[in-house]
Amino acid sequence: MSLHPAVLRWRYRLFSGASVGKAEATRRGLYARRISRICFQDFREVKEPYAGAAGGTLARLEGPVIPSTLRAARDGRGFVLRVKEVEGKGGEARFWLPGRRVARAWATDLLERERRPLEPDPGGGLRFPVKARGFATVRSELEGA
């Protein structure tokens, strides 16, 4: 058996003081680990939904969280969003899809079993609690879907 040498490259940054909070450090680390992709979208004609008022944004997320998963629900009804709280304080997250409204939503466990209903906010988005350093999973159905 022959072992081939490999080249490992490490990227890091050093900061002095507490200028970067834990949440921002987590976000920076997340983005640094993403794989670069080549996109030829710049050479295409812009069509719907990218030409719409929402500007092609799939979803928005606010609060002390980072997204872990956004995918279709296993039972085919709506979609599942899973987030992780990164500031260590807990709080509330807000999720919405530009140009769409959440009709119904539930807090679920990791197996997508409904635990309790969540009330969509008046703007068509969804607010839900997240425990400190915890994960939150919600299943949502959209109006007209």
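Two residues are counted as in contact when heavy atoms of theirs lie within 4.5 Å. The structure described here is a predicted model, and the contacts of one residue, Arg139, are taken up after the sheet that holds its strand.

The model contains an open sheet of 5 strands, arranged in the order 2-3-8-5-6 and paired in the antiparallel sense. Strand 2 (65-72) and strand 6 stand at the edges of this sheet; each has a single partner strand, so one side of each is left without a neighbour in the sheet. On average, and with direction ignored, neighbouring strands are turned by 25 degrees against each other. Strands of a sheet pair through backbone hydrogen bonds, in either a parallel or an antiparallel arrangement.

Strand 8 stands between strand 3 and strand 5 in the order of the sheet. With strand 3, strand 8 pairs in the antiparallel sense over 6 bridges. One of the residue pairs is formed by Phe79 and its bridge partner in strand 8, Ser140. With strand 5, which also runs antiparallel to strand 8, there are 6 bridges as well. Here Val102 stands opposite Leu142 of strand 8, and Thr108 has Thr137 of strand 8 as its bridge partner. Of the 8 residues of strand 8, 7 are buried, so the strand is largely enclosed by the rest of the structure.

Arg139 belongs to strand 8, which spans residues 135-142. Arg139 counts as buried because its relative accessibility is 1%, and the cut-off for a buried residue is under 20%. The side chain of Arg139 makes a polar contact with the side chain of Glu114 at 2.2 Å. The side chain of Arg139 also reaches the backbone oxygen of Arg77, at 2.9 Å. Leaving aside residues up to four places away in sequence, Arg139 touches Ala73, Asp75, Arg77, Phe79, Val80, Arg104, Ala105, Trp106, Thr108 and Glu114. Arg77 and Glu114 are thus listed among the residues touched by Arg139.

The largest nonpolar core has 17 residues, and those with the most contacts inside it are Val83, Leu118, Phe128 and Val130. At least two residues of this core come from each of strand 3 (79-85), strand 4 (91-96), strand 5, strand 7 and strand 8. For Val130, the residues touched are Val65, Val83, Glu85, Gly90, Gly91, Ala93 and Ala136, again not counting residues up to four places away in sequence. Val83 therefore appears both among the core residues with the most contacts and among the residues touched by Val130, under the contact limit of 4.5 Å.

Two loop residues have a positive phi. Glu112, which is not a glycine, has a positive phi of about 70 degrees. Glu112 is found in the loop between strand 5 (102-108) and strand 6 (114-118). With a relative accessibility of 11%, Glu112 counts as buried. Arg133, likewise not a glycine, has a positive phi of about 55 degrees. Arg133 lies in the loop that runs between strand 7 (126-130) and strand 8. The relative accessible area of Arg133 is 39%, so Arg133 is partly exposed.

Conventions:
Residues numbered from 1 in each chain as written. Predicted model: local features only at pLDDT ≥ 70, side-chain atom pairs only at ≥ 80, totals over all residues. Heavy atoms only, no water. Helix = DSSP H or I, 4+ residues; strand = E, 2+ residues; numbered from the N terminus. Buried < 20%, exposed > 50% of the residue type's maximum accessible area, 1.4 Å probe, protein only. Polar contact = N/O pair within 3.5 Å; in protein donor to acceptor, adjacent residues only side chain to side chain. Core = buried A, V, L, I, M, F, W, Y, C linked by side-chain atoms within 4.5 Å. Pairing = 2+ DSSP bridges. Axes fitted to C-alpha atoms, helices over the stretch in contact; angles between N-to-C directions.
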